[in-house]
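Welcome, and thanks for opening the viewer. Keep your selection tool ready, and we will walk from one stop to the next.

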Amino acid sequence: MKRKHYSVLKGLGVTSIFVFMLFSISWAIPLSYLDSVSEDRYEYAYIDSYSTINFSSVKSLQVLPAFNEDGTYYSEIDNGIVGNIDENTGEGIITFITPGPYFVMATYLDDSTNVFAYGVEFIMRNGETPVTYEWHKIETPKPNIVITDPNPYAVKNPNPPPATINETLPPSNPDFPAGTTEVNDKQKWNDVVTYMKTLTNAHVELGGHGSSGKFYWDGQEVLNTTNASKVLNELKGHVNYLTFMSCLTGSDMNFLQEVANTLGRASGYTDCVGGNGTDWFINDKGTLKTAVPEPSTLIIFAFGLVGLASFMKNQKRKTILN
């Protein structure tokens, strides 16, 4: 009996210890995906890869990465994004491994929520109107030459990133196809024009900032619907296709048409765009628009060719007669 009594006490002791441990263990609540974010402008933080963000008093952390072209997530939980929440303390952590745009919705213990935006080696810029920043990976541009503004974070920029960003950050361009010439040493717009005048019938991408129907270089507005023809006229024969790797420039087709009528072809994005050093992304509702010369312009061009041919024929006839 004494031995049996001892065994019961021992069993109760072990059970008590187990119950104590059960309630004292910190269980990890995993991260989950966020389907979408509401239409709004979001302040964001630029961070490096492998940066860890801490959250307090939370019971849920949902993450929205960019989407691939097929609708899958560009970065996945437990691969490109890792983290969890301590169920007992409400302390949460997220480490971002894969560069790109992210949104995080934190649900707190009092059921309130907040959405945070993070650009992991990726510059997320605000547009002119509220937009839904559900980013999608898209085709990387394939020009002959890419000219990138070496000072993409100029203070006078129309869509500047937060003031806390170190202005020495490198441009977040994607990897361009083999054979593409990348130029990033043209500080002033005049230097860009001078360089383009050395080319012959090239497809050029200009990587800078933009707004609807406008393009900026070194923080200054250099092209718009009013001046495009005049500014670009001297590039005829040097550039026959000009693409703008800038936010919102292509949302004004009148601007693209002016450029196309002058040079031959023009393209631009209707919403915010950005790269993570490898791939190229656009805001959810954005597209790439392209303009070609209007029929009237082509007719004038054709008449010009006919006139030139007639002139050359007459010159040849005069030479024979002489």
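What percentage of the 322 residues of the protein count as buried? The share is 45%, where buried means under 20% relative accessible area, exposed means over 50%, and partly exposed lies in between (1.4 Å probe, protein chains only). You are looking at a predicted model, in which local features need pLDDT of at least 70 and side-chain atom pairs count only at pLDDT 80 or more, while totals for chains, interfaces and linings use all residues. Residues are numbered from 1 along each chain as its sequence is written, and side-chain values use heavy atoms, leaving out hydrogens and water.

**The whole chain**

Start with a cartoon view. The protein has five helices and 21 strands; these are DSSP runs numbered from the N terminus, with helices (H or I) of at least four residues and strands (E) of at least two. Now switch to a surface. About 17,100 Å² is exposed, and carbon and sulfur atoms supply 55% of that; such areas come from the Shrake-Rupley method with a 1.4 Å probe, and for residues only the protein chains shown count as cover. Contacts (heavy atoms within 4.5 Å) often link distant parts of the sequence: among those between residues at least 6 apart, 73% join residues at least 24 apart.

**The largest nonpolar core**

Next, select Ile147, Trp189, Met196, Val204, Leu206 and Leu242. Within the largest nonpolar core, which has 30 residues, these touch the most other members. A nonpolar core is a set of buried Ala, Val, Leu, Ile, Met, Phe, Trp, Tyr and Cys residues joined through side-chain atoms within 4.5 Å. Elements that give two or more residues to this core include strand S11 (145-148), helix H2 (189-196), strand S13 (202-207), strand S17 (239-245) and helix H4 (253-263). A second, separate core of 28 residues includes Phe67, Cys272, Trp280 and Phe281.

Centre on Leu206 for a closer look. Leaving aside residues up to four places away in sequence, Leu206 touches Ile147, Trp189, Val192, Met196, Phe215, Leu242, Thr243, Phe244 and Met245.

**Helix H4 and its ends**

Which residues of H4 are buried? They are Phe255, Leu256, Gln257, Val259, Ala260, Thr262 and Leu263. Their cover includes S16, H3, S17, strand S18 (266-269) and strand S21 (288-291).

Now go to the start of H4, where a side-chain oxygen of Asp252 comes to within 3.0 Å of the backbone nitrogen of Asn254. Just after H4, Gly264 has a positive phi of about 135 degrees. Select Arg265 next: it lies over the face of Tyr241, at 4.7 Å from the ring centre. A charge sits over a ring if NZ of Lys or CZ of Arg is within 6 Å of the ring centre and within 35 degrees of the ring normal.

**A buried lysine**

Is Lys137 buried or exposed? Lys137 is buried, because its relative accessible area is 18%. This lysine belongs to strand S10 (residues 136-138). Show side chains and you will find a polar contact of 3.3 Å between Lys137 and Glu69; a polar contact is a pair of N or O atoms within 3.5 Å, and within protein one must be able to donate a hydrogen and the other to accept it, while residues adjacent in sequence count only if both atoms are side-chain atoms. Not counting residues up to four places away in sequence, Lys137 touches Phe67, Asn68, Glu69, Tyr74, Asp279, Trp280 and Phe281.

**Aromatic rings**

The whole structure holds 16 aromatic pairs. Rings of Phe, Tyr and Trp (its six-membered ring) pair if their centres lie within 6.5 Å, and planes under 30 degrees apart count as stacked, over 60 as edge-to-face and the rest as tilted. Select Phe96 and Tyr102: their centres are 4.9 Å apart and their planes at 55 degrees, so this pair is tilted. Both Phe96 and Tyr102 are buried. For Phe116 and Tyr118, the centres are 6.4 Å apart and the planes at 20 degrees, so the pair is stacked. Phe116 is partly exposed at 25% relative accessible area, while Tyr118 is buried at 6%. Add Phe55 to the selection to see one aromatic cluster of Phe55, Phe96, Tyr102, Phe116 and Tyr118.

**Last stop: two loops**

Glu121 has a positive phi of about 50 degrees although it is not a glycine, and it sits in the loop between strand S9 (113-120) and S10. Asp218, also not a glycine, has a positive phi of about 55 degrees and lies in the loop between S15 and S16. Glu121 is partly exposed at 28% relative accessibility, whereas Asp218 is buried at 14%.
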